Amino acid sequence: FPSHDTRARISISQLQSLTAKSSLISNLEYLQKNGQYSKNQQVEDLKIILEPGNSEVSLFKENGRWKVVQTIRYRALQLLEEKNSDKKQVPVSDLIVIQESNQLEGPWSEPVELLRPNETDPTHENFVQGAFSYAAKVHPWAQGDSNFKGTRYVITYVVNTLDPNVIYTRPDLYVPVNPHR
């Protein structure tokens with residue numbers, strides 16, 4: 001299923017006044033399709049601000065534009081393509097993509113591929129059957145590091161599998177991967 005990101009907010013004063021007896025969730029306001037914020041959490045009323053979306057992303061501002069980097073699965077892209085038939089086909093693989101917007105609420109650009117993790121790319125020698133990647137992160141602090149000269153974005157991601165036989169024989173999988181080294 002494709003996932004979606006929505007936007008919620010809480011005022012600083014409400015955040016500062018939270019106690020053990022009050023709930024963060026009960027103080028959140030959600031962006032609605034009409035552009036207003038409300039405590040209404042009904043999915044059909046929420047504005048989707050990023051599609052596909054993911055809970056583990058890097059969100060940063062560069063040259064006055066918001067950017068989000070995330071790992072997306074091929075299936076999410078495939079379902080989006082079915083809705084928008086003019087999109088090009090994407091080979092089966094996880095992708096690390098970037099999207100841009102002038103505002104957090106969007107509209108966001110279409111996903112642009114930054115990196116295809118080797119471990120999930122069936123055409124790569126490091127492919128691992130059943131592996132998946134997630135938690136793609138951009139590290140702006142490392143962009144000036146001489147080890148990464150010529151690299152636009154320093155990115156790490158994690159690879160894992162649900163197959164216990166692979167997990168126990170490949171301890172290198174469940175660690176952050178730095179594809180730039």
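This text walks through the predicted model shown above, from the whole chain down to single residues.

The chain has 181 residues, and 36% of them are buried. Its secondary structure consists of four helices and ten strands. Following the sequence, these elements come in the order β-α-α-β-β-β-β-α-β-β-β-β-α-β. Of the contacts in the chain with a separation of 6 or more, 48% are between residues 24 or more positions apart. The surface that the chain exposes comes to about 11,300 Å², and carbon and sulfur atoms supply 52% of that area.

A useful place to begin is strand 4, which covers residues 57-62. In a regular strand, side chains alternate between the two faces of the sheet. Strand 4 shows this alternation: the side chains of S58, F60 and E62 point to one face and are buried. Those of V57, L59 and K61 point to the other face and are not buried.

Strand 4 has a partner in strand 5, and the two run antiparallel, joined by six bridges. Strand 5 is made up of residues 65-72. One residue pairing can be picked out here: F60 has K67 of strand 5 as its bridge partner. Together the two strands form a hairpin with two residues between the strands.

What is the sign of phi at N63 in this hairpin? N63 takes a positive phi near 50 degrees. Most residues other than glycine have a negative phi, and most peptide bonds are trans. N63 is a residue other than glycine, yet its phi is positive. It sits in the loop between strand 4 and strand 5. N63 is also exposed, with a relative accessible area of 73%; a residue counts as exposed when this value is over 50%.

A135 also has a positive phi, of about 60 degrees, although it is not a glycine. A135 is located in strand 8, which spans residues 131-138. Its relative accessibility is 11%, and A135 therefore counts as buried, since buried means under 20%.

The next topic is charge pairs. How many salt bridges does the structure hold? It holds four. In one of them, R65 pairs with E100, and the closest N and O atoms are 2.9 Å apart. R65 belongs to strand 5 and E100 to strand 6 (residues 95-101), so this pair ties together parts that are 35 residues apart in sequence. Both ends are partly exposed: R65 has a relative accessible area of 28%, and E100 has one of 25%.

E100 also forms a salt bridge with K67, where the closest N and O atoms are 3.5 Å apart. K67 is in strand 5 while E100 is in strand 6, so here the pair ties together parts that are 33 residues apart in sequence. K67, the bridge partner of F60, counts as buried at 5% relative accessibility.

Another salt bridge links E113 and R116, with 2.9 Å between the closest N and O atoms. E113 is partly exposed, at a relative accessible area of 39%. R116 has a relative accessible area of 18% and is buried. Elsewhere, salt bridges that share partners join E62, R65, K67 and E100 into one network. E62 was met above as one of the buried residues of strand 4.

The backbone has a further feature at P107. Is the peptide bond from G106 to P107 cis or trans? The bond is cis, with omega near 5 degrees. P107 is part of the loop between strand 6 and strand 7, the latter being residues 112-115.

The last stop is I48, found in the loop between strand 3 (37-38) and strand 4. I48 is partly exposed, with a relative accessible area of 41%. In sequence, I48 and Q32 are 16 residues apart. In space, their C-alpha atoms are 8.6 Å apart.

Definitions and conventions
Residues are numbered from 1 along each chain as its sequence is written. This is a predicted model: local features need pLDDT of at least 70, side-chain atom pairs count only at pLDDT 80 or more; totals for chains, interfaces and linings use all residues. Side-chain values use heavy atoms; hydrogens and water are left out. A salt bridge is a side-chain nitrogen of Lys or Arg within 4 Å of a carboxyl oxygen of Asp or Glu. Buried means under 20% relative accessible area, exposed over 50%, partly exposed in between (1.4 Å probe, protein chains only). Two strands pair if DSSP finds at least two bridges between them. Contact means heavy atoms within 4.5 Å. Accessible areas come from the Shrake-Rupley method with a 1.4 Å probe; for residues, only the protein chains shown count as cover.
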